[in-house]
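Opening the notebook on this one today. I want to go through the strands, the sheet and the core, and jot down what I find as I go.

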Amino acid sequence: MTLELLEAEVTRLEDIREIEDLERKYGYYFDTRRVRDVLDLFSENTESVEIESHGQYFGKDGVRRMYMVGVGGEAETGLKDVVARREKSSGAAFDVITQLQGVVTIGADQPIVGFLSMPNPDNPPTAFHPYPSGYHFPYSFPHPVSGEVEVPVSRYVHPMAT
Amino acid sequence: MATLEELQARIQRLDDIKQIEQLQKIYGYYMDYGEWQKVVDLFADNGPSVEEADRGVYKGKEGVRRYYVDLLGGGPGKVPRPGWLSIMFQLQGVISLDVGAATARGRWYGMGMEAKPTASLHEGELRQTWINGVYENEYVKEDGKWKIKTLHFNLTFRTPFEDGWLKVPVVGQTGPDSKIPPDGPPTAYSPYPSGFHLPVSFKHPITGK
């Protein structure tokens, strides 16, 4: 093995390690509502983000709208605006936040925690079929022994399928 | 400074461990989706075996096929009934490569949530259950690919969601199947609260024992 091949192999192993760390950190940030940190994990050339039934959001700005506005509750037009809107109404969303978190914190660099209604997506959800539909999310990997890439067996039938 | 050969050996070791981890994780996904033939294809061609909970040991590639396709799957092509659910996380894997690095052992936690019939494998009311146990598996490199040589899932508890392991440690385990019998009896079935621990395949990282 040449030094060049060796370096390529080391790089591959290190890449996998870093990608696994990236996904785990995403989980920790999301669970603690560090939505700014979540946003910074995404590529400037992000293709799309899609969670549950909220639909697809395209590009880095789609990521911002999904996490900062949707999950984090930051207003599209700025924090002052959303605070004002909430003060005007008794706001069901506000009640949800206080029930979920106990305390609502508002600061310049700290978005409001809790869920607000999600901004409009760029596209409808592409694969939202929760239990007990029997839907199986497609594999991204080939079978490690046979090498075949296959769509999972599923008893889920799309309503539009004939 | 390490030589090129030494570095190459170290990388090979890391790569082997990574491939075995991938193998076990993919096993989990196929199991949860009821992809029984794909599970069978993960096993070695030479002398594999499988044993889960109290179902006994199924030996050889044909035994492995009988266990997954015929027993767990209910026969080739059978589609799981509506509501059937398996989510079995493959967690905390510790892989130990043997000398020569053509075989390896791995210990994993299996932890999950299920909706399956408990009176029989395929008939009766679906029950929501928590399941937990330990895998002690052996892997072998055949034709340049890591495969499962032996898979042993030792059940700790399988309890109804409504009850919990203190109240009902095990439901739905009725021993070896009479219609699709194993090739050998269960070797280590001793669920909670027995206190039984499946022997570990790895050495203590500090003392080496």
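I started with E52(B): its bridge partner in β6(B) is F153(B). This is a predicted model, so every entry here is read off a prediction. Next I looked at the strands behind that bridge. β1 (residues 49-52) and β6 (residues 145-160) of chain B pair in the parallel sense, over four bridges.

Then I checked what packs on the sheet. Helix α1 (residues 4-32) of chain B does, touching β3, β4 (103-117), β5 (126-142) and β6 of chain B. The direction of α1 makes about 165 degrees with that of β3(B). Helix α3 (residues 60-72) of chain B packs on the sheet too, touching β1 and β2 of chain B. For α3 the angle is about 130 degrees, taken against the direction of β2(B).

**β1 and its other neighbour**

I went back to β1(B) and asked which strand it runs antiparallel to. That is β2(B), joined to β1(B) by three bridges. In this pair I found S49(B) standing opposite K59(B) of β2(B). The two strands form a hairpin with four residues between them. I noted A53(B) in the turn, which has a positive phi of about 50 degrees.

Which way do the residues of β1(B) point? S49(B) and E51(B) go one way, V50(B) and E52(B) the other. That fits the general rule that side chains in a regular strand alternate between the two faces of the sheet. Buried or exposed, I wondered about these four. All are buried, the two glutamates E51(B) and E52(B) included.

**The whole sheet**

I wrote down the strand order next: β2-β1-β6-β5-β4-β3 of chain B, an open sheet of six strands with mixed pairing. The edges are β2 (57-59) and β3 (85-97) of chain B, each pairing on one side only. From one strand to the next the twist averages 15 degrees.

**The core**

Which residues touch the most other members of the largest nonpolar core? L23(B), Y27(B), V39(B) and I148(B) do, out of 35 residues in that core. I then looked up who contributes: α1, α2 (36-40), α3, β3, β4, β5 and β6 of chain B each give at least two residues. α1(B) has the largest share, with seven residues.

I picked I148(B) for a closer look. Leaving out residues up to four places away in sequence, I148(B) touches L23(B), Y27(B), L42(B), F43(B), A44(B), P48(B), N137(B) and Y139(B). Apart from the largest core there is another, of eight residues, including V35(A), V49(A), M66(A) and Y67(A).

**Chain B as a whole**

I counted elements: three helices and six strands in chain B. From the N terminus they run α-α-β-β-α-β-β-β-β. The radius of gyration of chain B is 18 Å, and the globule rule gives 17 Å for 209 residues, so the chain is as compact as a globular protein of that length. The C-alpha atoms fill a box of roughly 65 × 35 × 30 Å along the principal axes. Of the 209 residues, 33% count as buried. Of the contacts in chain B between residues at least 6 apart in sequence, 61% join residues at least 24 apart.

**Last entry: the two chains**

I looked up where A meets B: 20 residues of chain A are in contact with 24 residues of chain B. On the chain A side I have 14 nonpolar, four polar and two charged residues.

Conventions. Residues are numbered from 1 along each chain as its sequence is written. Chains are lettered from A and ligands numbered from 1 in the order in which they are written. This is a predicted model: local features need pLDDT of at least 70, side-chain atom pairs count only at pLDDT 80 or more; totals for chains, interfaces and linings use all residues. The radius of gyration is taken over C-alpha atoms; the globule rule is 2.2 Å times the number of residues to the power 0.38. A residue is buried if 20 or more other C-beta atoms lie within 10 Å of its own, exposed if 12 or fewer, and partly exposed in between; C-beta atoms are placed from the backbone. Two residues are in contact if their C-beta atoms, placed from the backbone, lie within 7 Å. Ala, Val, Leu, Ile, Met, Phe, Trp, Tyr, Cys and Pro count as nonpolar, Asp, Glu, Lys and Arg as charged, and the others, Gly among them, as polar. Two strands pair if DSSP finds at least two bridges between them. Axes are lines fitted to C-alpha atoms, for helices over the stretch in contact, and angles run from 0 to 180 degrees between N-to-C directions. A nonpolar core is a set of buried Ala, Val, Leu, Ile, Met, Phe, Trp, Tyr and Cys residues joined through C-beta atoms within 7 Å.
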